[in-house]
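Please open the structure in your viewer and keep the selection panel at hand. The tour moves from one selection to the next, and at each stop it says what is to be found there.

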Number of protein chains: 4
Amino acid sequence: MMFEMVKSNGIAHKSYFLGSNGIAAVIDPRRDCDIYIDIAERNDMKIEYIFETHRNEDFTIGSIELREIVGADIFHGAGIDFDYGNSVNEGDKFQIGSLVLEIIETPGHTDESISITVKDRDVSDDVYMILTGDSLFAGETGRCDLYGEENKRKMSEALYNSIFKKILPLGDNVIICPAHGSGSICGAEIREQELTTIGYEKKTNKILKYDKKGFVNAKIKEKLYKPPYFQKMEKNNLEGPDLICKLPYLKPLSMHEVKELMAREAQVIDVRDPTAFSGGHIPNTLNIWNDGLPAYAGWFLNYEQPVIIIDDDNSRIDEIKRYLTRLGYDNIYGYLSGGFKVWFEGSGDFESVQTWSVHDLLPNMGKKSLFLLDVRKENDWIKEHIDGSHNVYVGLLKDNLDKIPQDKHVVVSCDTGYKASIGASILQMNGYKNVTNVLGSMAAWKKAGYPVAMGNLNNIS
Amino acid sequence: MMFEMVKSNGIAHKSYFLGSNGIAAVIDPRRDCDIYIDIAERNDMKIEYIFETHRNEDFTIGSIELREIVGADIFHGAGIDFDYGNSVNEGDKFQIGSLVLEIIETPGHTDESISITVKDRDVSDDVYMILTGDSLFAGETGRCDLYGEENKRKMSEALYNSIFKKILPLGDNVIICPAHGSGSICGAEIREQELTTIGYEKKTNKILKYDKKGFVNAKIKEKLYKPPYFQKMEKNNLEGPDLICKLPYLKPLSMHEVKELMAREAQVIDVRDPTAFSGGHIPNTLNIWNDGLPAYAGWFLNYEQPVIIIDDDNSRIDEIKRYLTRLGYDNIYGYLSGGFKVWFEGSGDFESVQTWSVHDLLPNMGKKSLFLLDVRKENDWIKEHIDGSHNVYVGLLKDNLDKIPQDKHVVVSCDTGYKASIGASILQMNGYKNVTNVLGSMAAWKKAGYPVAMGNLNNIS
Amino acid sequence: MMFEMVKSNGIAHKSYFLGSNGIAAVIDPRRDCDIYIDIAERNDMKIEYIFETHRNEDFTIGSIELREIVGADIFHGAGIDFDYGNSVNEGDKFQIGSLVLEIIETPGHTDESISITVKDRDVSDDVYMILTGDSLFAGETGRCDLYGEENKRKMSEALYNSIFKKILPLGDNVIICPAHGSGSICGAEIREQELTTIGYEKKTNKILKYDKKGFVNAKIKEKLYKPPYFQKMEKNNLEGPDLICKLPYLKPLSMHEVKELMAREAQVIDVRDPTAFSGGHIPNTLNIWNDGLPAYAGWFLNYEQPVIIIDDDNSRIDEIKRYLTRLGYDNIYGYLSGGFKVWFEGSGDFESVQTWSVHDLLPNMGKKSLFLLDVRKENDWIKEHIDGSHNVYVGLLKDNLDKIPQDKHVVVSCDTGYKASIGASILQMNGYKNVTNVLGSMAAWKKAGYPVAMGNLNNIS
Amino acid sequence: MMFEMVKSNGIAHKSYFLGSNGIAAVIDPRRDCDIYIDIAERNDMKIEYIFETHRNEDFTIGSIELREIVGADIFHGAGIDFDYGNSVNEGDKFQIGSLVLEIIETPGHTDESISITVKDRDVSDDVYMILTGDSLFAGETGRCDLYGEENKRKMSEALYNSIFKKILPLGDNVIICPAHGSGSICGAEIREQELTTIGYEKKTNKILKYDKKGFVNAKIKEKLYKPPYFQKMEKNNLEGPDLICKLPYLKPLSMHEVKELMAREAQVIDVRDPTAFSGGHIPNTLNIWNDGLPAYAGWFLNYEQPVIIIDDDNSRIDEIKRYLTRLGYDNIYGYLSGGFKVWFEGSGDFESVQTWSVHDLLPNMGKKSLFLLDVRKENDWIKEHIDGSHNVYVGLLKDNLDKIPQDKHVVVSCDTGYKASIGASILQMNGYKNVTNVLGSMAAWKKAGYPVAMGNLNNIS
């Protein structure tokens with residue numbers, strides 16, 4: 001058998017390519033699906049099956065795109081009414097060369113969630129591997145809050161049953177292949193490990209140590225952010241998105257064209273690193289560093305107004321387009337040709353952000369004129385933070401500006417200074433004049449041995 | 001100023017990128033126009049002008065594709081009625097940074113042909129360079145036969161006037177940038193030199209040594225092949241072709257799908273080298289080696305039935321798609337996934353072609369059972385050939401099979417064995433059973449010191 | 001934690017990169033070690049540890065090369081006296097960020113073989129993974145014959161103890177990371193699965209179902225080929241090989257230079273596919289297709305005389321150099337510049353090999369003038385073959401030419417026609433005039449539904 | 001014939017590849033010579049000749065490296081005593097396929113300078129092209145000051161004779177191929193045009209309009225900077241440099257290792273753009289943006305102490321190594337693995353540089369506390385500058401710090417802000433605390449329509 005995991009960075013999405021004797025299946029393909037065709041070609045295989053473990057909500061699925069090219073059939077759970085593909089039910093089996101894939105309905109994260117067991121008949125009739133979608137992750141279980149507070153108990157109970165009655169009994173040796181890894185917002189605290197087994201999860205996954213009641217209570221108490229773009233993804237993945245090949249070209253834009261588009265409310269993202277953004281940037285632009293796009297763009301960009309990219313040398317435009325296309329952003333319009341330097345060489349106005357090291361921050365803590373804003377997730381802040389810091393999650397910052405004083409020196413920090421730069425740019429876009437980014441942030445603060453506080457109260461709210 | 005030539009291999013098409021102070025013009029862009037956008041980006045320039053020296057007939061022009069992306073204006077000669085762009089006339093000037101481009105009407109190859117002079121005002125008011133389109137090449141002049149035999153005299157006279165009265169007087173120092181290089185069929189004997197000057201052409205271009213009468217007579221006597229795809233290119237370039245971005249995906253195909261498509265009259269090209277093709281190939285497929293596609297595909301492929309590619313490992317599919325798209329083939333359907341090896345591993349039937357070295361050929365010359373077929377151009381054959389060989393140009397072979405005896409051992413040769421392999425594949429597709437390719441052909445024959453004949457009669461016709 | 005497998009094709013060698021909190025270890029690095037530095041860079045890690053699970057015998061290890069660049073320490077088992085690095089013993093522990101790597105001595109394949117367990121303290125104190133070197137593979141166990149027939153029993157007993165007393169008790173959930181995958185000659189029948197677990201092996205690995213006596217008997221009966229280059233690898237890996245960066249440049253060679261070097265006994269490998277080789281090749285050259293080099297070059301090439309490569313367009317020269325350097329071939333001299341076509345265009349003499357499909361073969365079976373030579377491994381032949389075929393393994397063909405009649409039409413087959421082409425080239429190099437390669441071989445034969453025989457006697461010997 | 005120019009950016013060095021009928025010559029190869037081997041391979045050619053137009057002083061020549069690989073012969077002028085290769089004299093001819101290369105001795109830039117005329121006998125006996133080395137450029141002539149003030153007259157007279165008596169008489173049509181383009185310091189004001197002809201130079205090159213006396217006087221008055229690394233290049237190119245393949249590996253370094261090396265006086269270059277450098281950088285590091293390395297590294301780096309690179313993601317390390325190797329820097333030691341972010345995440349101290357737009361600068365002009373330092377070449381400053389600015393060329397800044405007040409706010413500008421960032425970093429390394437970089441500098445200042453002054457006195461000296 002042939003097996004390959006394809007990971008999409010930032011959203012930590014994992015899709016899988018499985019094949020045997022020249023036939024292959026892809027599970028949860030991403031929208032820019034050329035990679036599966038390359039894998040198929042390298043392994044002399046024909047993709048004949050596409051499975052979706054559930055209607056994914058954090059990215060736009062590539063099933064239809066892939067089907068368009070290779071002509072495979074699409075299968076997904078029967079729990080909701082997709083506009084495309086075929087429904088499968090408990091116990092349905094698919095023969096792929098020597099492999100047998102069998103459907104297990106595992107609702108809980110969503111109603112139509114399925115898991116898929118894999119046996120290799122050339123080896124034995126034992127289950128070798130299970131694709132768990134968003135039900136069971138390394139060190140975590142899927143979030144149960146997507147259908148609203150009122151359905152959390154019901155979904156959590158369903159998830160408990162799916163995991164404890166269907167998945168765990170398959171045997172300690174079974175390899176688990178979930179749809180997400182560490183960093184995804186589809187589970188609270190997914191571990192970094194790319195691989196795990198049922199036995200290892202039984203030994204180490206904390207939430208699996210509870211009984212049913214404890215499990216359900218823990219899931220109900222779980223608080224996770226839900227970015228606004230989820231809604232669009234759910235729609236895309238229910239109806240089937242547009243084909244990428246029908247999207248318009250990305251346009252190289254002159255400084256003049258960028259100015260005009262900005263006047264007409266284009267959304268401009270500066271994808272450079274925080275250091276470069278701090279050194280100088282076009283006023284009224286949002287900074288999300290390149291590799292932060294998959295995880296953060298969905299908090300800030302809408303799907304209507306044209307999106308424009310600012311970078312240094314535009315060598316990453318294709319990657320950026322992939323990142324945003326995976327999130328369903330088909331409104332990417334173009335990029336500043338020549339990069340930021342054409343802006344300042346063309347006598348464009350620009351702003352900068354002051355940067356501080358943690359050594360600059362330390363002696364200023366306690367000053368009344370200073371407001372230290374920590375834009376990490378609330379959970380992270382509770383675990384450890386700099387005493388005196390105020391927490392507003394970066395994704396929610398724009399809606400909570402009333403908590404940030406306009407007249408103070410706002411010093412922004414996060415884990416390392418990257419998300420802080422998103423925060424700093426949002427503040428500048430909203431009129432804050434005196435903004436500083438702590439490069440290194442908590443990582444450097446702890447490395448320097450400076451004191452760390454804990455707390456279970458967000459001292460802003 | 002900034003200047004770059006972009007050459008498209010096989011058809012020896014030359015387009016040009018000219019820029020100054022951030023503004024650029026592209027002359028005769030090819031259809032896969034990403035390269036111009038890359039050049040613009042590398043040089044911090046905005047493409048604002050697109051010029052067409054004439055309605056090109058040997059490739060599909062990329063003006064509309066490029067305009068779609070960069071938003072430039074398109075300009076061409078006034079002699080025919082294009083469905084897009086703007087007409088220019090003698091003396092029209094365009095300011096591009098410090099450059100001044102001036103239109104000179106130079107009919108002869110076609111009615112609407114223009115040349116463009118380039119001055120750099122930062123340097124002087126002298127003409128620096130001239131873009132001559134298909135009027136004047138290195139060592140050659142443009143063909144005058146596109147409007148039919150009946151108009152050859154008129155067109156030749158027009159060309160004489162264009163060259164002698166407008167171009168040559170510009171000064172010996174002026175650099176000439178033609179639209180084609182060696183290997184193009186838009187001129188009989190274009191030299192290999194990428195660069196030339198008016199002075200060097202005056203000294204060395206044989207046809208420029210004639211007076212008007214001699215020039216016209218020489219042009220009238222000129223015999224050039226005109227591949228059938230020219231007609232489609234002329235239509236494309238008059239109306240404006242479809243956008244590439246709207247073309248369907250290329251599909252990886254299984255052996256089974258290829259068989260089915262062949263049953264429904266798909267056009268299958270094997271793009272491997274003659275050696276590999278000789279070792280084994282799918283019956284009823286045409287061999288055109290990869291880099292021979294631009295020059296030879298247009299002789300054999302129609303624009304309706306799906307085109308399927310056979311290669312070894314499909315690593316060149318993107319290049320092949322570019323080659324064929326430049327010729328307006330928007331009917332490329334897919335490729336045999338896994339390459340030829342999946343065919344024979346899948347127990348597909350295959351054929352082979354015997355290969356001979358020139359040392360194998362020599363002792364067999366004179367045998368009655370042998371028919372030596374030379375598929376080079378008639379002109380090349382006249383200059384030098386192997387005594388006893390018969391000449392039919394490869395592009396015309398299919399229409400002249402009556403001249404090739406079915407019952408003999410047909411030994412095919414050309415310059416080096418590549419075009420001979422096209423010929424061999426055509427013969428096999430038409431039922432010839434005993435076909436041999438002379439790898440090395442004339443090149444090896446001469447290297448070996450074997451005797452070469454000359455002649456001005458094609459001994460077949 | 002961060003985990004990545006690096007697989008070297010052909011020899012199916014698997015090395016591993018493990019890291020946590022910025023520190024990393026590499027296990028069994030290959031000699032062209034840039035890939036580990038790239039992984040480290042992408043993951044912001046510093047390679048500080050290099051482990052060798054044993055003195056590998058099928059490739060040249062890259063420990064010293066990697067140490068030269070990153071300055072890490074090298075560790076290996078204490079069972080033999082390496083000329084470099086440090087010895088480790090049972091129970092030695094290494095802290096790598098949150099990971100704890102612990103040494104388990106697991107002799108059997110070799111005396112100094114070690115396995116390494118991995119725990120992630122950030123997760124738990126349970127064993128997560130074990131690196132098993134050449135002791136336990138997916139579906140197989142390491143070969144025990146490297147110290148000669150006389151030591152097979154002793155080594156097999158040691159391996160039994162290593163696996164049953166040390167590895168298997170670690171728990172069903174533990175992920176197994178062996179040093180080889182399917183296709184390696186370090187284990188008889190390694191499965192294709194890249195991943196496995198202790199529990200899955202207990203359920204499915206046939207040799208693990210025996211008791212000690214049965215296990216040892218099975219291992220003693222095991223017959224595996226040992227290519228001649230193993231001896232050089234063992235020496236390299238004991239003493240430490242030369243640094244790659246000190247090797248001379250690969251030279252582009254003219255046809256004339258190749259001829260001269262061949263006259264002085266250079267070793268010439270034609271790396272093209274069997275189809276191309278069949279269509280034409282330089283006389284007296286060995287055909288090993290590009291991706292077959294890692295597994296087969298070691299059977300045929302010596303380490304003294306210069307090696308010269310023949311290909312089509314030389315686009316794979318860097319890959320070929322890597323393949324051969326991994327096998328310790330530091331005598332790669334150069335390649336025919338321009339590829340095989342310059343040979344035939346330069347009027348060089350060439351030979352061809354007839355190709356047959358299985359449909360061509362079938363009606364000829366039984367002819368007395370035909371000798372069907374199957375060059376697969378003896379074990380494969382015993383399992384299934386074409387009735388009437390004679391088996392000599394391709395690696396041993398040169399030493400068994402007395403078994404192949406010179407005066408018959410020798411038709412060579414294997415699995416698919418690739419190894420058969422090696423065989424055909426060896427025959428031609430040794431004066432056989434009438435040689436045919438069955439493209440597709442057993443794969444196509446079975447696909448076509450033709451009859452398959454079995455047998456436990458090699459009908460040649 | 002086949003002709004290709006290979007340009008090395010930054011130093012604007014032009015080397016040439018010329019070939020015909022399978023044989024090729026390279027003129028003035030750069031040290032990383034793989035590009036010529038690629039060109040040869042693409043064109044089926046064998047490099048048999050290497051010519052050096054003179055002992056180049058601005059880069060390390062690659063003749064010996066290329067010879068090592070392809071085995072060609074090296075030729076150079078007889079005027080000095082090279083430690084390698086062969087001398088040529090006036091009138092020596094070399095047949096390269098149909099090409100004839102003929103040596104013309106053209107001293108003036110150096111004694112041993114030669115030019116080479118190219119005829120293509122397949123076309124005619126007329127001179128087609130001339131390789132002029134550093135004697136005649138587009139719009140310029142070679143500098144005559146390398147042998148010191150005392151020899152300027154003699155060298156200028158020699159150059160006059162070389163150009164007027166030997167080169168210009170060859171004919172207006174002849175294409176000129178010089179060894180440098182715009183941006184090189186081997187000529188004062190080389191034009192941007194990549195191509196020129198003798199006729200066009202006669203019409204437009206200002207210094208060619210003088211008579212001999214005027215020419216010599218103009219050359220004597222010419223003032224050009226001579227970076228300190230020229231001395232090393234002259235030595236390298238006389239003796240022949242070390243082979244690149246013998247250089248040690250570049251090492252990925254941890255933050256800790258970088259600190260240790262800095263304590264031992266390593267030379268650290270931050271190759272990021274000025275914007276990023278301004279946002280934050282390691283104290284005591286020199287900023288030269290990546291593409292500025294070829295032109296500026298030679299002013300600042302010595303050849304003894306290890307060189308360390310700081311970048312963002314180290315994706316350009318190979319390019320940087322090429323840039324520095326061309327300048328003979330064989331002491332490149334390594335790079336900060338993970339880039340600048342590991343520094344601040346690791347709680348390293350850092351500095352920033354304030355950035356101003358020209359709109360920030362304007363209202364501050366005239367303030368007494370401000371010192372506007374323009375680091376462009378003196379000639380550029382004389383042509384146009386901001387009134388009130390002080391000029392010290394960036395290459396000479398370190399030796400003229402006494403002219404820059406320590407107690408003022410030093411605002412640095414140049415053309416666009418890139419060289420100003422070099423200047424700002426030098427100031428910071430020397431204890432200046434209050435340093436600002438004007439991003440956009442003169443380019444933006446003029447674009448904004450702000451007033452420009454002229455002057456022929458450097459108001460510092």
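The stops below begin with contacts between chains and then turn to a group of strands.

Before selecting anything, bear in mind that this is a predicted model.

**First stop: chains A and B**

Select chains A and B together, and look for the place where 17 residues of chain A are in contact with 17 residues of chain B. On the chain A side, helix H1 (34-42), helix H2 (63-70) and strand S15 (251-253) each supply at least two of the residues that touch chain B. If you colour this side of chain A by residue class, it shows 8 nonpolar, 4 polar and 5 charged residues.

How are the two chains placed relative to each other, in terms of a rotation and a shift that superposes chain A on chain B? A rotation of 180° with 0.0 Å of shift along its axis superposes chain A on chain B, with an RMSD of 0.0 Å, and that is the relation of a two-fold axis. Of the interface residues of chain A, 100% are also interface residues in chain B, so the copies meet through the same surface.

**Second stop: chains D and A**

Keep chain A, hide chain B and show chain D, where 27 residues of chain D are in contact with 27 residues of chain A. On chain D, the elements that give two or more residues to the side touching chain A are helix H8 (274-279), helix H11 (340-345), helix H12 (358-361) and helix H15 (441-447). The largest share of that side comes from H8(D), with 4 residues. Coloured by class, the side of chain D that touches chain A has 9 nonpolar, 13 polar and 5 charged residues.

**Third stop: strand S24 of chain C**

Now select residues 435-438 of chain C, which form strand S24. Which way do the residues of this strand point, and are they buried or exposed? C:Val435 and C:Asn437 point one way while C:Thr436 and C:Val438 point the other way, and all are buried.

Add residues 354-356 of chain C, strand S20, which pairs with S24(C) in the parallel sense over 3 bridges; here C:Thr355 has C:Asn437 as its bridge partner in S24(C). Next add residues 409-413, strand S23 of chain C, which also pairs with S24(C) in the parallel sense over 3 bridges, and find C:Val411, whose bridge partner in S24(C) is C:Thr436.

To finish, add helix H14 (residues 418-429) of chain C, and follow the path from S23(C) through this helix to S24(C), as the three make a right-handed β-α-β unit.

Definitions and conventions. Residues are numbered from 1 along each chain as its sequence is written. Chains are lettered from A and ligands numbered from 1 in the order in which they are written. This is a predicted model: local features need pLDDT of at least 70, side-chain atom pairs count only at pLDDT 80 or more; totals for chains, interfaces and linings use all residues. Two residues are in contact if their C-beta atoms, placed from the backbone, lie within 7 Å. Ala, Val, Leu, Ile, Met, Phe, Trp, Tyr, Cys and Pro count as nonpolar, Asp, Glu, Lys and Arg as charged, and the others, Gly among them, as polar. Copies are superposed by least squares on the C-alpha atoms of residues with pLDDT of at least 70 in both. A residue is buried if 20 or more other C-beta atoms lie within 10 Å of its own, exposed if 12 or fewer, and partly exposed in between; C-beta atoms are placed from the backbone. Two strands pair if DSSP finds at least two bridges between them. A crossover is right-handed if, with the strands pointing away from the viewer, the path from the first strand over the helix to the second runs clockwise.
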